[in-house]
Amino acid sequence: MYKKWYKNGIPSPLRSKMWVASLGNELQITPGLYEILKDKTNQPSTMERQCSSIDLISVDLSRTFPALQFFQYPDGPYYQPFKTILECYSKFRPDIGYVQGMSYMVATLLLYMDEYDAFVCFCNLLHRSKCNSNPLAMSLVGTPAGSASSSATTSSASAASVVSSILFGPKKRTAEFTSNYHTLYTSNHFIPFFTMNTDYIDKNVKFVRILLREHHAQLYKHLVVDLGVEFAVIIIDWFLTLFSKSLPLDVVARIWDGYLVHGRLYMYSCTMGILIYYQKELLSADYERVMYFLTHLSTATNQFETLDVEEMFSIINTDCRLSERRINKYIRMMEK
Amino acid sequence: MSYSYLFKYIIIGDTGVGKSCLLLQFTDKRFQPVHDLTIGVEFGARMINIDGKQVKLQIWDTAGQESFRSITRSYYRGAAGALLVYDITRRETFHHLTTWLEDARRHSNSTMTIMLVGNKCDLDSRRAVSYEEGKKFAQQHDLIFLETSAKNDENVEEAFNYTARIINEKIEKGIIDVTNEMNGVKVGNAPTATTNLLEKPTTSEPKGKCCG
């Protein structure tokens, strides 16, 4: 069943149930907590950071999926839940607050589920410690302490090293490998991205460059060697919002289906898949065209009505399919 | 397409002041009343003509939210020009200019040209910052100043071109060393006055002055 869904995406009516079930509720959020948070959003805040980030929410709502009427003030049916969820989240985690980009994810969730479920899913998506859904890895990884925190890279490197020693037997692993393995594979990337942990993001960028080199040498040569394209710009946009800002909604939903089953492996497959799908445009473009294209991917996908979704997913799921073993190989390349 | 110079720009300022709209108006000649949020950094480019020279502008449009500051900072380095934008209808965006300016000065090279832009001047009835205040702030901090409307395409062209003319002057006076790409300027492959300039790059003269 999973295999079929992986190929074709989860059927829409089942999607909401599947997403709620796959994300789970490790954070143990309750309807009671949600009510308390809602009450709090009506009280003035004392924290400056929180204050300014909450004011921002109203400004940003109309700028999220501006083409979709149902999120728009004041008549859009989803406007109020949309706003409430983001405000409640910034009360739930005032240390992080509202960060631009979150609105796209909340909007994507709201398209498939009700307000409370969307809040639970959103919080767990961002903060769950297990984002790698590979069953074997999951049973072994357990819950590495603090893996969702922004300082994860160093603090839980030891937890990651235990995990990798179990996974890979006696073969000697360097400290760098275990740290990279955690940063690139087992940790939940959202909070390091939302808190702009530059070391963490840099490693992801470097890793994506390695993936591209291994998957498509010609694209790698053109984009990285010849043009010196800044992948950081693209990676932040794509990973932070889990592609929800950059691609059509039906494509985004299918990417999320895959991500919730396969974890971060799938994020990398999608990144490669998108680049390879557009290889013709990219290979013939100069630096300016490439940078414009990649930082305005939604414009490109909207313009080319011809976006062949099946073709794109065939590339993502077949040509760019990643296994645990391959990921390990690529992570090892990071050390060179 | 061949060009004489390439200038790198960065657009900074609070979120929602119209940075992306200014860029879109400049590069595409259109206005989008509700523009998508900018996550991280977006890119735009256009060719302009300064004193008969083709100049290519590479423009980095940054996210305004504080959270993204650590990422956008890395774009200050290597920029020749900056558009520091505030919204004339939201006073707090004007108050934050000092912070933006400190940040820009700390992380950029000293030769970066900064243009202060008071955007949304089409909304005069909701104005919260007067033209004089903007001008005064610019004078105090040694910036060039313009009020613009990305919506009505007022002064948008001018804001980008004016900055380019000043960068060009700085190159001619030898203030900017064009051989160092970190200054945000690159010499192109276009023949300028005579083709043999390629043999003896225009860079040699300013460089000499700069070092001497």
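How many residues of chain B are in contact with chain A, and with how many residues there? In this predicted model, 26 residues on the chain B side touch 30 residues on the chain A side. The legends below start at that interface and then move on to other close-ups.

**View 1. Where chain B meets chain A.** Putting the two chains together buries about 2400 Å², counting both of them. Carbon and sulfur atoms account for 61% of that area. On the chain B side, look for B:L37, B:I39 and B:F43: these three lose the most area to chain A, and together they make up 28% of what that side buries.

**View 2. The largest cavity, lined by residues of chains A and B.** The structure holds three cavities of 30 Å³ or more, and this view shows the largest, with a volume of about 60 Å³. Chain A is represented in the lining by A:Y292 and A:H296. From chain B come B:S20, B:L23, B:L24, B:T27, B:D28, B:H35, B:E42, B:F43, B:G44 and B:D61. B:F43 may ring a bell, as one of the residues that lose the most area to chain A. Which element gives the largest share of the lining? That would be α1(B), with five residues. Both α1 (19–28) and β2 (41–50) of chain B put in at least two residues each. Sorted by type, the lining has four nonpolar, five polar and three charged residues.

**View 3. Strand β1 of chain B and its three pairings.** Is β1(B), residues 5–13, mostly covered or mostly open? Mostly covered: eight of its nine residues are buried, that is, under 20% relative accessible area. As a reading aid, side chains in a regular strand alternate between the two faces of the sheet. Here is how β1(B) pairs up:

- With β3(B), residues 53–62, β1(B) runs parallel and is joined by seven bridges. B:I11 has B:D61 as its bridge partner there, and B:D61 also turns up in the lining of the largest cavity.
- With β4(B), residues 81–87, the pairing is parallel too, over five bridges. Find B:G13 and you'll see B:V85 opposite.
- With β7(B), residues 185–187, the sense is antiparallel, over three bridges. Here B:F7 is partnered with B:V185.

**View 4. A:H182, tucked into a helix of chain A.** This histidine is found in helix α11 of chain A, residues 175–186. Why does A:H182 count as buried? Its relative accessible area is 1%, and the cut-off for buried is under 20%, so A:H182 qualifies. For a sense of scale, A:H182 and A:K91 are 91 residues apart in sequence and 29 Å apart in space, going from C-alpha to C-alpha.

**View 5. Two loop residues of chain B with positive phi.** B:K29 is found in the loop between α1 and β2 of chain B. Its phi is near 55 degrees, a positive value in a residue that isn't glycine. B:K29 counts as partly exposed because its relative accessibility is 44%, which falls between the 20% and 50% cut-offs. B:D142 is the other one to look at, with a phi near 60 degrees, again positive and again not a glycine. Where is B:D142 found? Check the loop between α5 (131–140) and β6 (144–147) of chain B. At 70% relative accessibility, B:D142 is over the 50% cut-off, so this aspartate counts as exposed.

Terms used:
Residues numbered from 1 in each chain as written. Chains lettered and ligands numbered in written order. Predicted model: local features only at pLDDT ≥ 70, side-chain atom pairs only at ≥ 80, totals over all residues. Heavy atoms only, no water. 1 Å grid on protein atoms, 1.4 Å probe; cavity = no way out; pocket = protein on both sides within 12 Å on 5 of 7 lines; lining within 4 Å. Points joined across faces, edges and corners; volume = space filled by probe spheres on them. Helix = DSSP H or I, 4+ residues; strand = E, 2+ residues; numbered from the N terminus. Nonpolar A, V, L, I, M, F, W, Y, C, P; charged D, E, K, R; others polar. Buried < 20%, exposed > 50% of the residue type's maximum accessible area, 1.4 Å probe, protein only. Pairing = 2+ DSSP bridges. Contact = heavy atoms within 4.5 Å. Buried area = accessible area lost by both parts, 1.4 Å probe.
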